[in-house]
Amino acid sequence: MLNLSNLQPAVGSTKGKKIIGRGEGSTRGGTSTRGHKGAKSRSGYKRKSGFEGGQMPLQRRVPKFGFKSLNRVEYKAINLDALTSLLDKDASATTMDAAYFVANGLVSKNAKIKVLGRGEIAKAVEVHAHAFSKSAVEAIEKAGGKAVTL
């Protein structure tokens, strides 16, 4: 009967540990499978990450393009149709700010918010966000609301 106390690997599936550096009689004495000379044969050798044996490393072979600004500001986009669907669920809402968007799962706590103009909004509501598109501001003000930049 097979149970946890008598489990063992299949015959031939495991190998014994390679015993090195125990003299010439072991067939792995002398250089202890490290070969002759060079950095890899010496103690303390540690290969640098990305080192390819002297060949030009991949990170230097592959061309780089473009420019990544350190001062880039990433906004989480929220369209007017998303605001409308929130208003359908919660008709009593008069102001929509970052905390309101976080509570309804549209953005994470530290995200910067930009309201975009896709869709329509029918109810007058005060929307607080870090940025607005021109079309979004026009649509919000046309509905009688107010777009407030944080």
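Two strands count as paired here if DSSP finds at least two bridges between them. Keep that in mind for the sheet, which is a good place to start in this predicted model.

The sheet is an open one, built from 3 strands in the order E2-E4-E6, with parallel pairing. Strand E2 (95-96) and strand E6 (146-149) stand at the edges with a single partner strand each, so one side of each has no neighbour in the sheet. Between E4, which covers residues 126-129, and E6 there are 4 bridges, and the two run in the parallel sense. Take Ala 129 as an example: this residue stands opposite Thr 149 in E6. Val 127 has a bridge partner in E6 too, namely Ala 147. Over at the E2 side, 2 bridges join E2 to E4, again in parallel. There, Met 96 stands opposite Val 127 in E4. So if you click on Val 127, you can look towards Met 96 in one strand and Ala 147 in another. One thing to bear in mind as you scan along: in a regular strand the side chains alternate between the two faces of the sheet.

Just ahead of E2 comes Thr 94, in the loop between H2 and E2. Thr 94 counts as exposed because its relative accessible area is 52%, and the cut-off for exposed is over 50%. Even so, Thr 94 has partners from further along the chain: leaving aside neighbours within four places in sequence, it is in contact with Val 125 and Glu 126. His 128 is 34 residues away from Thr 94 in sequence, and their C-alpha atoms are 11 Å apart in space.

How does this fit with the annotation? In an unreviewed entry, UniProt lists residues 78-148 as "domain: Large ribosomal subunit protein uL15/eL18". Across residues 78-148 the chain is 35% helix and 25% strand, and the C-alpha atoms at the two ends sit 15 Å apart.

Now for the charged pairs. How many salt bridges does the structure hold? The count is 3. One of them joins Arg 118 and Asp 81, with the closest N and O atoms 2.9 Å apart. Arg 118 lies in the loop between strand E3 (112-116) and E4, while Asp 81 belongs to helix H2 (residues 80-89), so this pair ties together parts that are 37 residues apart in sequence. Arg 118 counts as exposed at 52% relative accessibility, whereas Asp 81 is partly exposed at 31%.

Arg 118 also turns up in the surroundings of Asn 79, a residue of strand E1 (residues 75-79). Leaving aside neighbours within four places in sequence, Asn 79 is in contact with Leu 116, Gly 117 and Arg 118. Is Asn 79 buried or exposed? Its relative accessibility is 14%, so Asn 79 counts as buried, the cut-off being under 20%.

Another salt bridge links the side chains of Arg 72 and Glu 74, at 3.1 Å from N to O. Both ends of this pair are out in the open: Arg 72 is exposed, with a relative accessible area of 59%, and Glu 74 is exposed as well, at 55%.

The side chains of Glu 52 and Arg 61 meet in a salt bridge too, with 3.0 Å from N to O. Here Glu 52 is partly exposed at 29% relative accessibility, and Arg 61 is partly exposed at 40%.

While you're in this part of the chain, have a look at Gly 50, in the segment before H1. Not counting residues up to four places away in sequence, Gly 50 touches Pro 57 and Gln 59. The C-alpha atoms of Gly 50 and Arg 60 are separated by 9.8 Å, with their positions 10 residues apart along the chain. At 37% relative accessibility, Gly 50 counts as partly exposed.

Finally, go back towards the start of the chain. Leu 4 is also in the segment before helix H1 (58-61), and with a relative accessible area of 77% it is exposed. Leu 4 has company on the surface: Leu 2, Leu 4 and Leu 7 form a nonpolar patch there, and together they have about 400 Å² of accessible area.

Terms used
Residues numbered from 1 in each chain as written. Predicted model: local features only at pLDDT ≥ 70, side-chain atom pairs only at ≥ 80, totals over all residues. Heavy atoms only, no water. Patch = residues over 30% accessible without salt bridge, like charges linked within 9 Å, V, L, I, M, F, W, Y side chains within 5 Å. Areas by Shrake-Rupley, 256 points an atom, 1.4 Å probe, with all protein chains shown as cover. Salt bridge = Lys/Arg side-chain N within 4 Å of Asp/Glu carboxyl O. Buried < 20%, exposed > 50% of the residue type's maximum accessible area, 1.4 Å probe, protein only. UniProt positions renumbered as here; feature names shortened; annotations may be inferred. Contact = heavy atoms within 4.5 Å.
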